[in-house]
Amino acid sequence: SPDQYLAPRSAPTDSAPAGTLYTCPMHPQVRQVGPGTCPICGMALEPMLPATEEDDTELRKVRRKFWIAAALALPLLVVAMGPHMFSVSMDATVARGLRWAELVLTTPLVAWLGLDYYRRGWVGVRNRSPNMYTLIGLGVLVAFLYSLAAMFVPGVFPARMRDGHGMIGVYFEPAGVIIALVLLGEWLEVRARGKTSAAIRRLLDLAPRNARRIDADGREADVPIDVVRVGDMLRVRPGEKIPVDGEVLEGESSVDESMLTGEPMPVGKRAGDRLTAGTVNANGGLKMRADKVGGETVLAQIVAMVAQAQRSRAPLQRLADRVSAYFVPAVVAIAIVTGGVWFLIGPEPRIAYAVINAVAVLIIACPCALGLATPISVMVASGRGAENGVLFRNAEAIEVLAHVDTLVLDKTGTLTEGKPSLAEVVTLDDYGEREVLTLAASLETASEHPLAHAIVAGARARGLTPAPVEDFAAITGQGVQGRIGSRKLALGNAALLQALGVAMPADAALERLHASARTVMHLVVDGRLAGALAVEDAIKPRAAELIAALRAESLHLVMLTGDSEPAARAVAAALGIEDFAAAQTPGSKAERVQALRARGARVAMAGDGINDAPALAAADVGIAMGNGTDVAMESAQVTLVKGELGGLLRARKLSAQAVRNIHQNLGFAFIYNALGIPIAAGVLFPFVGWLLSPIIAALAMSLSSVSVITNALRLRTAKL
């Protein structure tokens, strides 16, 4: 269970606020308050949500330990290798003196600087999850203890192992230098891993620290952002960041919303328009009302969603998890076999060859690279997506979207602006246009649908005032109904008329309206059709160009809409979409998606309304247009923050590149171990006389994890 590795609470550090939760990048089920190490893999834990200021405590700690290790390891190398490299002859006294110098230099490396690695390795064994530090600890301690025995109890070794001075060969230098190289690798790894959270920190940095609040008496003062409350009036001056989410009350300006969309063009704002925290006011002064503050703002929700995605597990990780579960025991077994074979059939001194090759096998094997291959790419891809207006709910969404071959699109709000306007009103019998429009607007006042907003706005533009409605009810996929006084009203599409048993009369004006490319809503009063209202919705800018680009990604495009056949056909023709269906209910949309999947298609569904929620949930991956309803976004695995079609293309490209990056990392890790372990075991020795020094093995082991992280970081600059 996730709580299996929930560590005990620990005291906060100077660099982390009290209560900061930390987790392991490889094992997100590990959580604890405050920094520490993972009990499964031994890696340093990271904050679940990075602070605005980078916490470099762990980096400084590892860096300091490495420089101390380097100060000991370099003279150790000189003492151990110098006489051999320069063929210096020396008597027994000098030889023994140098050996004591090796011991003095190695002991603090092994007994102090390596102590944390032994502890991490032992914790892994105790939790039945031996890790890379288990291998490192075994390798170092075997070499060090062997050398101590050779130095202090040489009589236990065969006489043929003695050198010209009567001493047994020691391996203090590999044991000490391995610790220094592991520290170097950890330093490079922690520094590289810190860059994976850079995207979240940049998002956090977008939030201003202060806001200019306007008090009830009209006085203005700068206050900390934490004290701003819903309903406060705020002033945003030119060049300032929008402090919270809200609505423009006065003024006009252009706002840079690139942090939401990735698009550099500023967006014009005036009274009634929405503002988002973290966006930048350009050249005009604005007075706004705070509607969402703190964790309720769009920016805060984006940060939370990215952090959640970064800690989730991709299906591709399952293979690495299965391999890792058996990896360390297998490596230990290989090391034992290696030592045994060299001891039985190796050249003299056989015991020395057995020890050195077994240590090389233990050191070069690096399950860390295998475990990091997937989560590191997911972390970088999630952050990159957030910077470009694409939010992945989890790692699975990234992986699945890369393999999608069919994209189902809603029309209203997805392909069109979702901001329809009232185009025409047709009346029947003795009803007048103003009466039909007033009754329709009265019903739609309580609705959140874009078509409802168009009808209400059209009525108000004509100076009409909606009346209060009782018993209001929304019928998903059909329309709305209610009562004004004693009159029962209903407004909706042809499906609503059919459900109510209202016949469509033969009327030329009504037939002309149905034949147009507009959306038609019918008004029913006391069971009789009183009129119809036509609403038109413009296709989004660049929609045709982006649809063509999506088709170029080898995607089969399908448009599903609850709109009429003529309106659907007109939009499909304008965008070049051949496969479409009109008059769709929420249930029929979901059934269509399920039918596509049943035929073997991998389906993504993009929509923005409540009526899209069932289809979004039925698809392999649901994509919510962020300008839509909360219900749609809750049902989706991917959210496009500003609901623009360009986000669809960016999401598709980013997911494909992320999956390709994961494959590269996994391939590198598998190939590295497939080649490195046999070479360390000495399989090339009978043919070319090559043996792998444990020092070279330690360097290769350290750099393998760094290489995986560096490859994942390339996603930060991938072209979208």
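Which residues of helix α18 (residues 565-575) are buried? The legends below refer to a predicted model, and the first of them takes up this question.

**Figure 1. The buried residues of helix α18 and their packing partners.** Within α18, which spans residues 565-575, the buried positions are A567, A568, V571, A572 and L575. Viewed along the axis of α18, the buried residues are confined to an arc of 125°, so they line one face of the helix. Their packing partners are β19 (519-525), α17 (543-552), β21 (556-560) and β22 (579-581). Just after α18 comes G576, whose phi is positive, at about 75°.

**Figure 2. An edge-to-face pair between F144 and F172.** The whole structure contains 11 aromatic pairs. One of these is formed by F144 and F172, with a separation of 5.8 Å from centre to centre and an angle of 65° between the planes, in an edge-to-face arrangement. F144 belongs to helix α4 (residues 132-152) and F172 to helix α5 (residues 172-194), so the pair ties together parts that lie 28 residues apart in sequence. Both F144 and F172 are buried.

**Figure 3. The tilted pair of Y146 and Y171.** The ring centres of Y146 and Y171 are 5.8 Å apart and the planes meet at 35°, so the pair is tilted. Y146 is part of helix α4, whereas Y171 occupies the loop between α4 and α5; the pair thus links distant parts of the chain, 25 residues apart. Y146 is buried, as is Y171.

**Figure 4. Further aromatic residues: a ring cluster and a charge over a ring.** F66, W67 and W187 are linked into a cluster by ring pairs. Elsewhere, R120 lies over the face of Y133, at a distance of 4.9 Å from the ring centre.

**Figure 5. Strand β4 with its antiparallel partners β5 and β6.** Strand β4 (residues 210-214) is joined to strand β5 (residues 220-224) by five bridges, and the two run antiparallel. β4 and β5 form a hairpin with five residues between them, and in the turn G218 adopts a positive phi of about 90°. Strand β6 (residues 233-236) also pairs with β4 in the antiparallel sense, over three bridges. I214 has a bridge partner in each of these strands: E220 in β5 and M233 in β6.

**Figure 6. The open sheet β9-β8-β11.** Three strands form an open sheet in the order β9-β8-β11, with antiparallel pairing. The edges are occupied by β9 (267-269) and β11 (280-281), each of which has a single partner strand, so one side of each is left without a neighbour in the sheet. Three bridges connect β9 with strand β8 (residues 253-256) in the antiparallel sense. Among the residues of β8, S254 has G268 of β9 as its bridge partner.

**Figure 7. Surroundings of P238 in the loop between β6 and β7.** P238 is located in the loop between β6 and β7 (245-250). With a relative accessible area of 47%, P238 is partly exposed. Leaving aside neighbours within four places in sequence, P238 contacts N281, A282, N283, G284 and G285. The C-alpha atom of P238 is 9.6 Å from that of V255, a residue 17 places away along the chain.

**Figure 8. The largest nonpolar core and a second, separate core.** The largest nonpolar core comprises 135 residues, among which L407, I623 and L648 touch the most other members. Helix α22 (residues 645-681) makes the greatest contribution to this core, giving 14 residues. Apart from neighbours within four places in sequence, the contacts of I623 are L401, L407, A604, M605, A606, G607, L616, A636, V638, L640 and L648. A second core, separate from the first, has 24 residues, including L422, A454, L491 and A530.

**Figure 9. The buried residue T406 and its contacts.** T406 is placed in strand β14 (residues 406-410). The relative accessibility of T406 is 5%, and this residue therefore counts as buried. Not counting residues up to four places away in sequence, T406 touches L555, H556, V558, L596, A601, R602, V603 and A604.

Technical notes. Residues numbered from 1 in each chain as written. Predicted model: local features only at pLDDT ≥ 70, side-chain atom pairs only at ≥ 80, totals over all residues. Heavy atoms only, no water. Phe/Tyr/Trp six-rings, centres within 6.5 Å; stacked < 30°, edge-to-face > 60°. Helix = DSSP H or I, 4+ residues; strand = E, 2+ residues; numbered from the N terminus. Buried < 20%, exposed > 50% of the residue type's maximum accessible area, 1.4 Å probe, protein only. Lys NZ or Arg CZ within 6 Å of the ring centre and 35° of its normal. Contact = heavy atoms within 4.5 Å. Pairing = 2+ DSSP bridges. Core = buried A, V, L, I, M, F, W, Y, C linked by side-chain atoms within 4.5 Å. Arc of directions from axis to C-beta.
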